[in-house]
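Hi,

Here is the structure I said I would pass on. Have a look at it first, and then read my notes below.

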Amino acid sequence: MVNVAVLGYGTVGSGVVEVIERNNVEVSGKCGEEVHVKYILDLREFPGDPYEDKVVHDFQVILEDREVSVVCEVMGGIKFAYPYTKQLLEAGKSVCTSNKELVAKHGAELLDIAEKNHCSYLFEASVGGGIPIIRTINHAMTPERIEAVAGILNGTTNYILTKMEQEGTDYAQALKQAQDLGYAERNPQADVEGHDACRKTAILASLMTGRNVDSEKIFTEGITEITTADFAFAKGANMTIKLLGTARLQEDGSVLAMVAPHMIAENHSLAMVNGVFNGIFVTGNMLGDIMLYGHGAGKLPTASAVTADVVDCVRNQGKTLPCHWEQAECRLADVLLTSKRFFVRVKAQGCGAIEEAFPGSERLEVPGMEEKGYFTPVMTEKEFEEKYSALSEFVLGRIRVM
């Protein structure tokens, strides 16, 4: 029998226990021995819960129990999760997590600790919820030089943008609906400002390059400035708007990493990823493009991914499952020097100034709307921002074009 502990009994933690218990025949069968949840760590009591007898409040109980060989860290945050994870790995206990904040900030360090102590640190559920993107990169694409990853990595923002596009709901109303449905937190900043997608982008970029990508150095922009007017212009151009996390290898060996809203063609595969779903493109130098699609969050999809990591740990007890992610820092490209097209929304009286500042721009009009839209020629971010800033009295918004 293999004993498992679960740190945190919130949405994902309760889901992990449910998956292991309800699907115990499948989980144990695929492990080759019975898997049993021995402890659940939480500060709260859960009277009437079917697993209340497993709840403990002292982390040391789990750390010091030699019968526990695999621990699921689903607490979230760093304050307690980081020191707990370090101590568990140093004790030779494998750790499986959904904690994208911890993985993005300390993933390389924790992988190194796991290797030194002949155990594993697995984090499939930290990106894409139930989508097996980490396994795809670490195992299915091992022969490849991965050149790029790009995707819709946050279900909350994708839900909001889908509502704005399909129903004409304004941003504030769409956000409230997401909160009412439990898709967005009461304080939604991590989602709507792009920080959640940024952490996931950092993890994918680190796995892509094998070097540590610092999430705090990734250019990040959220969706709070996107309006229904932007979607009206996008529709007129046969496009839509998505918050994308991207990382691409550059010729000089650096990585261009960014999280920002983009206009994309409506026939692009990512344009068809709606609601709370996620979609992730991975480009290999031999394989070309592949896309993974599925539930990017949610209790059971995320818990299923954590449990899949548990199965891998049980199958490989006493070993370290390989993950190519060194602590050496990856060099990031300067976003200001990269080139692309931009969409600019302007007041009607600003058309002349825009056409003078961005010669060769394509003008776009929407029937019944006084505002005008322009697609600029390809130019660097630096050049665009300098010109855009000088036109502040006329411009109403701008979005990058993929």
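To get you started: how many residues line the largest pocket, and which lie nearest its centre? The model is a predicted one, by the way, so please read everything here in that light. The lining is made up of 50 residues, and those nearest the centre are Val12, Met75, Gly76, Lys100 and Glu185. The pocket holds about 1,400 Å³ of space. Helices H1 (11–22), H5 (100–116), H7 (155–167), H9 (189–192), H10 and H12 each give two or more residues to that lining. Sorted by class, the lining residues come out as 21 polar, 18 nonpolar and 11 charged.

There is also a closed space to look at. The count of cavities of 30 Å³ or more comes to 1, and the volume of the largest cavity is about 140 Å³. It has 14 lining residues, and the closest to the centre are Leu122, Ile134, Asn138, His139 and Asp309. Two or more residues of the lining come from each of strand E6 (121–122), helix H6 (133–140) and helix H12 (299–315). H6 gives the most, with 4 residues. The lining of this cavity has 8 nonpolar, 4 charged and 2 polar residues.

Next, H10, one of the helices that line the pocket. H10 covers residues 195–209, which is 15 residues, and it reaches 21 Å from its first C-alpha to its last, close to the 21 Å expected. Is it buried or exposed? With 12 of its 15 residues buried, H10 is largely enclosed by the rest of the structure. Among those buried residues are Asp196 and Lys200, along with Ala197, Cys198, Ile203 and Leu204. Just after the helix, Gly210 has a positive phi of about 80 degrees.

Now the strands. One open sheet has 6 strands in the order E3-E2-E1-E4-E5-E6, and the pairing is parallel. Strand E3 (55–56) and E6 sit at the edges, each pairing on one side only. E6 is also one of the elements in the cavity lining. Within the sheet, strand E1 (residues 2–7) and strand E4 (residues 68–73) pair in the parallel sense over 5 bridges, with Val6 opposite Cys72 in E4.

Strand E10 (residues 255–265) is worth following too. Since 10 of its 11 residues are buried, E10 is largely enclosed by the rest of the structure. Here is how it pairs:

- Strand E9 (residues 239–249) runs antiparallel to E10, joined by 11 bridges; Leu244 stands opposite Ala260 in E10.
- Strand E8 (residues 219–220) runs parallel to E10, joined by 2 bridges; Phe219 has Met258 as its bridge partner in E10.
- Strand E17 (residues 395–401) pairs with E10 in the parallel sense over 2 bridges; Met263 has Val401 as its partner in E17.

The hairpin of E9 and E10 has 5 residues between the strands, and there Gly253 takes a positive phi near 90 degrees.

Last topic: salt bridges. The count is 31. Lys86 and Glu109 form one of them, at 3.6 Å from N to O. Lys86 is in helix H4 (residues 81–90) and Glu109 is in helix H5, so this pair ties together parts that are 23 residues apart in sequence. Lys86 is partly exposed, at 24% relative accessible area.

Asp312 and Arg135 also meet in a salt bridge, at 2.9 Å from N to O. What does this pair tie together? Asp312 lies in helix H12 and Arg135 in helix H6, so the parts it links are 177 residues apart in sequence. Those two helices both appear in the cavity lining as well. Asp312 counts as buried, with 18% relative accessibility.

Then there is Glu381 with Arg400, at 2.6 Å from N to O. Glu381 belongs to helix H14 (residues 381–390) and Arg400 to strand E17, so the pair ties together parts that are 19 residues apart in sequence. Glu381 is buried, at 1% relative accessible area, and Arg400 counts as buried at 1% too. Both belong to a network of salt bridges that links them with Glu221, Lys340, Glu385 and Arg398.

Happy browsing!

Methods
Residues numbered from 1 in each chain as written. Predicted model: local features only at pLDDT ≥ 70, side-chain atom pairs only at ≥ 80, totals over all residues. Heavy atoms only, no water. Expected span 1.5 Å × (residues − 1). Buried < 20%, exposed > 50% of the residue type's maximum accessible area, 1.4 Å probe, protein only. 1 Å grid on protein atoms, 1.4 Å probe; cavity = no way out; pocket = protein on both sides within 12 Å on 5 of 7 lines; lining within 4 Å. Points joined across faces, edges and corners; volume = space filled by probe spheres on them. Nonpolar A, V, L, I, M, F, W, Y, C, P; charged D, E, K, R; others polar. Pairing = 2+ DSSP bridges. Salt bridge = Lys/Arg side-chain N within 4 Å of Asp/Glu carboxyl O.
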